[in-house]
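Work through the exercises below with the sequence and the coordinates open. Try each task before you read its solution.

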Amino acid sequence: MIPTKEENCIEIQNLVKKFDNKIVLNNINLNIKKGSITALIGADGAGKTTLLRLIVGLLCNFEGKITTLDLNPAKNKTNIVSKTGYMPQRFGLYEDLTVIENLNLYSELKGADKNFDKLLEFTTLKPFKNRLAGKLSGGMKQKLGLACALLGNPELLILDEPSNGVDPLSRLELLNMVKTMINNKTCVIWSSAYLDEAYNFDLSIILDKGKIIFKGDTKTLGNDYEIFESKVIELMGGYKNSQSLIIKNYHIIEHNEECTVVADKLSKKFGNFTAVKNNSFCIKKGEIFGLLGPNGAGKSTTFQMMCALIKPSSGKGYIMGIDVEKYPTKARKYLGYMAQKFSLYSKLSTIDNLEFFSGVYGLFGKDKQKRIEEIIKIFELEEYKNTITSLLPLGFKQRLSLGCALIHEPPVLFLDEPTSGVDVIQRKEFWNHIKSLSKIGVSVLVTTHFMDEARFCDNISLFYNGEIIALDKPDEIIKKAGANNMHEAFINMIKKAKENK
């Protein structure tokens, strides 16, 4: 039965949106019911964020018709804003304001009640209400962002990848938070790169190259998650399972190091806070070693100590047998590092970034030009070669960042959440590169919040509160946790660690 106008919170007819004559959304027709949670799925650059911005009136100048909460968003933006909670992909928290000051600010902007007790309790942010937003962990920032979006009991809640870069347990808490805090008439649209998350929603919309390729009941795509994932990948064009081109001309230096990366009793304190406590591990040639843990567990701090970006309070880090604290420049020439927070120069173009990083890593002349051309081809960056980096779709930013980390053919690769926010097909392509590199002897240290990716690691170190609570092969960790998969194992072990704290 087609929903009546009264049952719909959003109605879209023949929508076309162009940027500089390039069609971004092509003939979109869509009705979204009140009281539903709808997953918005699609590859990077498919048009998801553009669609959400049009729905809330942040973008105008389109062909067709959009009705949001019975209003025209292009003409009634103020009225829609008062009824809508919107959390953009990069939520605009004021990092120099405290948690409570951010809530006060957004409540004033929305004309909402300032009784925050329920929100603070549910988000577990009450003990941190006087902490600066910039000092919160990634998961806590997302919770605060969602709390701000939920102010005023919105009729429409628009969430653009709210769980991007958030660990599995925190993602579950975000989902429960939304389901608990909304009423049965609230319309929720949740854009997500996590298919296990999208599988829990009532409806799914899949966008591909600006067109809707599926809309309907999520469970019609599969009665279990694996069928669902396979069907989504198939609808999005499928995954090309071919050997990575990155290894074709990749030259690894000869060495006799049994462990190419060593952490020896690393610890780091910030004042009275211990971020990393007495952690040790060894990564062998060609091994993929995963660091897992909730946001704020100490993973990125460990990375930064191993790269000599911050000094350990105690302990040592070694790359190719070189003490990274004593000889940072010498150690870094063997290392390719892809940081969690996008580390490229946002005001430079793609080609400018490649030129800069290749020079920093000591490439010059014909060798430099040849390597840049290879990276552009391997990561399919030709279309965006002259695009300013800040304007790249997230997936292409990640491709460029990985390309810059690999441009000097390092024997050691550090990847801090390399696939965060990247769609399922591009994630598989990233891991094709990573696994291909490991086969030719590149040692990889990687963090991820996608538990299906954790199964690709040879060994895993599970962090909680700065300490290693498990270190073993993925199958052994699953067995020890009494779980059926890595997702369950992560949640079980972190919950147990919290209880024992």
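## Exercises on a predicted model

Start with one residue pair: Ser461 stands opposite Leu471 in strand 19. Keep in mind that this is a predicted model.

**Exercise 1. Describe how strand 18 pairs with its neighbours, and state whether its faces are covered.**

Solution.

Step 1. Take the antiparallel neighbour. Strand 18 and strand 19 (residues 467-472) pair over five bridges in the antiparallel sense. Ser461 facing Leu471 belongs to this pairing. Phe463 stands opposite Ile468 in strand 19.

Step 2. Look at the connection. The two strands, 18 and 19, form a hairpin with two residues between them. Asn465, in the turn, has a positive phi of about 55°.

Step 3. Take the parallel neighbour. Strand 12 (residues 288-292) runs parallel to strand 18, and four bridges join them. Here Phe289 stands opposite Asn459.

Step 4. Check burial. Strand 18 covers residues 459-464, and six of its six residues are buried. In a regular strand the side chains alternate between the two faces of the sheet. On one side of strand 18 sit Asn459, Ser461 and Phe463. On the other sit Ile460, Leu462 and Tyr464. Both faces are covered.

**Exercise 2. Place strand 18 in its sheet and find helices that pack there.**

Solution.

Step 1. Write the strand order. Six strands form an open sheet, 15-16-17-12-18-19, with mixed pairing.

Step 2. Find the edges. Strand 15 (335-338) and strand 19 are the edge strands, and each pairs on one side only.

Step 3. Give the twist. From one strand to the next, the twist averages 15°.

Step 4. Add helix 9 (residues 299-306). Helix 9 packs on the sheet and touches strands 12, 15, 16 (412-416), 17 (443-447) and 18. Its direction makes about 150° with that of strand 16.

Step 5. Add helix 17 (residues 486-500). Helix 17 also packs on this sheet, touching strand 12, strand 18 and strand 19. The angle between the directions of helix 17 and strand 18 is about 35°.

**Exercise 3. Analyse the three-stranded sheet with the order 2-1-4.**

Solution.

Step 1. Classify the sheet. This sheet is open, and its pairing is antiparallel.

Step 2. Name the edges. They are strand 2 (22-33) and strand 4 (63-68), each pairing on one side only. The twist averages 15° from one strand to the next.

Step 3. Follow one pairing. Strand 1 (residues 8-19) and strand 2 run antiparallel and are joined by eight bridges. Within this pairing, Lys18 has Ile23 of strand 2 as its bridge partner.

Step 4. Add the helix. Helix 1 (residues 48-56) packs on the sheet and touches strand 1, strand 2 and strand 4. Its direction makes about 120° with that of strand 1.

**Exercise 4. Is helix 5 enclosed or open to its surroundings? Check its length too.**

Solution.

Step 1. Check the length. Helix 5 (residues 138-150) has 13 residues. From first C-alpha to last it reaches 18 Å, close to the 18 Å expected at 1.5 Å a residue.

Step 2. Count burial. The cut-off for buried is under 20% relative accessible area. In helix 5, 12 of the 13 residues are buried, so the helix is largely enclosed by the rest of the structure. Among them are Lys141, Gln142 and Lys143.

Step 3. List the packing partners. The buried residues pack against strand 5 (84-87), helix 3 (99-110), helix 4 (117-122), strand 6 (156-160) and helix 6 (168-181).

Step 4. Look past the end. Gly152, just after helix 5, takes a positive phi of about 85°.

**Exercise 5. Glu161 and Glu380 have positive phi values. Which is buried and which is exposed?**

Solution.

Step 1. Take Glu161. Its phi is about 50°, although Glu161 is not a glycine. Glu161 is in the loop between strand 6 and helix 6. At 5% relative accessibility, Glu161 counts as buried.

Step 2. Take Glu380. Its phi is near 50°. Glu380 lies in the loop between helix 12 (365-378) and helix 13 (394-406). With a relative accessible area of 54%, Glu380 is exposed.

**Exercise 6. How many cavities of 30 Å³ or more are there, and what lines the largest?**

Solution.

Step 1. Count. There are four cavities of 30 Å³ or more.

Step 2. Size the largest. Its volume is about 50 Å³.

Step 3. List the lining. The largest cavity is lined by Ile41, Gly42, Ser192, Ala193, Leu195, Met236, Asp423 and Val424.

Note on methods: Residues are numbered from 1 along each chain as its sequence is written. This is a predicted model: local features need pLDDT of at least 70, side-chain atom pairs count only at pLDDT 80 or more; totals for chains, interfaces and linings use all residues. Side-chain values use heavy atoms; hydrogens and water are left out. Buried means under 20% relative accessible area, exposed over 50%, partly exposed in between (1.4 Å probe, protein chains only). Two strands pair if DSSP finds at least two bridges between them. The expected span of a helix is 1.5 Å times one less than its number of residues. Contact means heavy atoms within 4.5 Å. Axes are lines fitted to C-alpha atoms, for helices over the stretch in contact, and angles run from 0 to 180 degrees between N-to-C directions. On a 1 Å grid over the protein atoms alone, a cavity is a set of points where a 1.4 Å probe fits but cannot get out, and a pocket is an open set with protein on both sides within 12 Å along at least five of seven lines; lining residues have an atom within 4 Å of a point. Grid points are joined across faces, edges and corners, and a volume is the space filled by probe spheres set on the points.
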